[in-house]
Amino acid sequence: MLNKKFLTLVSIFLALLVASTMFFAACAPKEEPTPTTTTPTTTTPAPTTTTAPTTTVAPTTTVPPATTTPAPTVQIRKTKLNFGHYFAVGDFRDVTAHHFADLVSAQSNGLMTVTVYPAEQLVKGKEGFQAVSAGVVDLYTNDASYFAGDIPLMDIFNLPLPPFDDAGAVKVAHNAWNIIVPAFEAKNITMLGICGSTGPGYTYFVKPVRTLADLKGIKIRASGGMFETMMNAMGMSVVTMSAAEQYMALQTKVVEGANTTFQSVMSYKLYEVAPYLLHVDFGGAHPYWLMMNATKFKGMNAAEQAIIQKAATDTEAWMLGEFTGQITTLEKQVSEKMKEVINPPATEVENWRALKSGLIDTWKAKAGPQADAMLAIYNKGP
């Protein structure tokens with residue numbers, strides 16, 4: 001009985017305890033959910049997915065503008081070139097070749113080198129054109145009479161037309177550049193520019209020559225082309241040879257005269273063996289052409305080609321600036337070395353020129369379809 005009462009009391013107590021707990025829980029203030037439990041990132045759109053222009057559309061933050069993109073760097077490679085000519089060491093034409101070589105080295109920071117071989121160390125002057133065309137020689141310089149048989153069109157620079165001074169001859173050449181360049185390209189030669197000029201082309205003899213009759217039968221050196229035709233028209237017998245071969249030929253009387261330049265007379269000491277100067281300029285100044293093997297040139301990249309071409313252009317400008325003073329000095333030196341400077345009367349000069357009247361037609365017959373255009377440029381002058 002007692003135990004039954006006790007259990008009844010315990011049950012009542014527990015019931016009251018549960019009821020009071022529920023009452024106080026209902027009356028207590030409700031807690032707000034914390035921010036971390038409502039996950040704003042899942043209920044509010046993320047900023048980076050709605051606007052954020054700097055990450056979605058602004059090109060300046062992803063791709064640089066085209067105007068600020070640096071051009072690809074073209075590497076200048078180590079390159080060695082050889083440059084041949086037939087002039088004596090120290091001759092102004094040799095100095096001009098070295099000037100070109102120095103510019104190539106300077107403009108390439110020493111990566112590109114041009115070694116100059118003077119005095120026919122590589123090939124003879126008459127072989128220079130073919131050697132460049134075949135790639136045996138990288139660069140060579142000579143005047144048009146040396147390759148008149150290869151490009152007859154260029155023989156116009158050896159015709160007895162109204163003579164130009166050196167600057168005038170260079171200007172005429174550039175006026176015809178669009179005709180000249182393709183003619184060389186057809187022979188696998190890139191025409192870089194002009195690397196010198198002959199100055200006036202007088203004739204030097206082992207004995208005095210004063211009249212047309214004195215020329216009959218004389219053996220004379222000429223470099224070829226229309227010069228040879230011209231000398232034959234005046235009754236002379238022509239022996240073709242390069243400038244470097246003149247001294248020995250005159251000394252041994254293989255020839256009795258030579259049509260050549262002030263520079264060659266002084267460089268090769270021709271005044272020792274041909275001391276009589278016939279002061280008649282039969283052709284005027286002729287440019288020396290700076291030729292490069294086209295395959296070699298085209299195998300270079302754009303930066304390397306630009307260095308070669310700029311060096312050629314700068315050399316031509318330098319040469320023209322120096323040449324007038326050089327020729328004035330050389331003419332004085334040559335005159336002083338001669339036993340006699342012969343100035344024939346004007347009537348005799350006209351007799352000589354009359355013999356050459358048919359030379360233009362002879363040249364046109366072999367010069368090709370560009371002959372008339374070339375002649376028009378030449379007659380127009382600088």
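# Two open sheets and their helices

F83 of strand 1 stands opposite L139 in strand 3, and these strands, residues 79–84 and residues 139–143, pair in the parallel sense over two bridges. The model is predicted, with a mean pLDDT of 83 for the protein chain and 80% of its residues at 70 or more. The points below take up the confidence, then an open sheet of five strands, an open sheet of six strands, and the contacts that helix 7 makes with helix 8 and helix 14.

**Confidence**

- Over residues 17–70 pLDDT stays under 50, and the model has nine contacts beyond four places in sequence for this stretch.
- Over residues 6–10 pLDDT also stays under 50, and here the model has zero contacts beyond four places in sequence.
- Where pLDDT is low, the predicted coordinates should not be read in detail.

**The sheet of five strands**

- The order of strands in this open sheet is 2-1-3-10-4, and the pairing is mixed.
- Strand 2 (112–117) and strand 4 (189–197) are the edge strands, each of them pairing on one side only.
- From one strand to the next, the twist of this five-stranded sheet averages 25 degrees.
- Helix 5 (residues 92–107) packs on the sheet and touches strand 1, strand 2, strand 3, strand 4 and strand 10 (287–293), while its direction makes about 165 degrees with that of strand 2.
- Helix 14 lies across strand 1, strand 2, strand 4 and strand 10, and runs at about 20 degrees to strand 4.

**The sheet of six strands**

- This open sheet has the order 7-6-8-5-9-11, again with mixed pairing.
- Strand 7 and strand 11 (340–342) stand at the edges with a single partner strand each, so one side of each is left without a neighbour in the sheet.
- The twist of the six-stranded sheet averages 25 degrees from one strand to the next.
- Strand 6 (residues 219–222) pairs with strand 7 (residues 237–240) in the parallel sense over four bridges, and it pairs with strand 8 (residues 257–260), likewise in the parallel sense, over two bridges.
- Within strand 6, I220 stands opposite V238 in strand 7 and opposite G257 in strand 8.
- Strand 9 (residues 276–278) and strand 11 run parallel and are joined by three bridges, with V341 of strand 11 as the bridge partner of L277.
- Helix 10 (residues 226–233) forms a right-handed β-α-β unit together with strand 6 and strand 7.
- Helix 10 also lies across strand 5 (202–205), strand 6, strand 7 and strand 8, and runs at about 160 degrees to strand 7.

**Helix 7 and its contacts**

- The axes of helix 7 (residues 166–175) and helix 8 (residues 177–185) come within 5 Å and cross at roughly 75 degrees, which means that helix 7 is roughly perpendicular to helix 8.
- A173, H174 and N175 of helix 7 make this contact with W177, N178 and I180 of helix 8, and by class it has three nonpolar, three polar and no charged residues.
- With helix 14 (residues 302–337), the axis of helix 7 comes within 10 Å and crosses at roughly 150 degrees, which means that helix 7 is roughly antiparallel to helix 14.
- On the helix 7 side D166, A167, V170 and H174 take part, meeting E316, L320, F323 and I327 in helix 14, and the contact has five nonpolar, one polar and two charged residues.
- H174 is thus named in the contact with helix 8 and in the contact with helix 14.

Key
Residues are numbered from 1 along each chain as its sequence is written. This is a predicted model: local features need pLDDT of at least 70, side-chain atom pairs count only at pLDDT 80 or more; totals for chains, interfaces and linings use all residues. Side-chain values use heavy atoms; hydrogens and water are left out. pLDDT is the predictor's confidence in each residue, from 0 to 100. Contact means heavy atoms within 4.5 Å. Axes are lines fitted to C-alpha atoms, for helices over the stretch in contact, and angles run from 0 to 180 degrees between N-to-C directions. Angles under 35 degrees count as roughly parallel, over 145 as roughly antiparallel, 65 to 115 as roughly perpendicular and the rest as oblique. Ala, Val, Leu, Ile, Met, Phe, Trp, Tyr, Cys and Pro count as nonpolar, Asp, Glu, Lys and Arg as charged, and the others, Gly among them, as polar. Two strands pair if DSSP finds at least two bridges between them. A crossover is right-handed if, with the strands pointing away from the viewer, the path from the first strand over the helix to the second runs clockwise.
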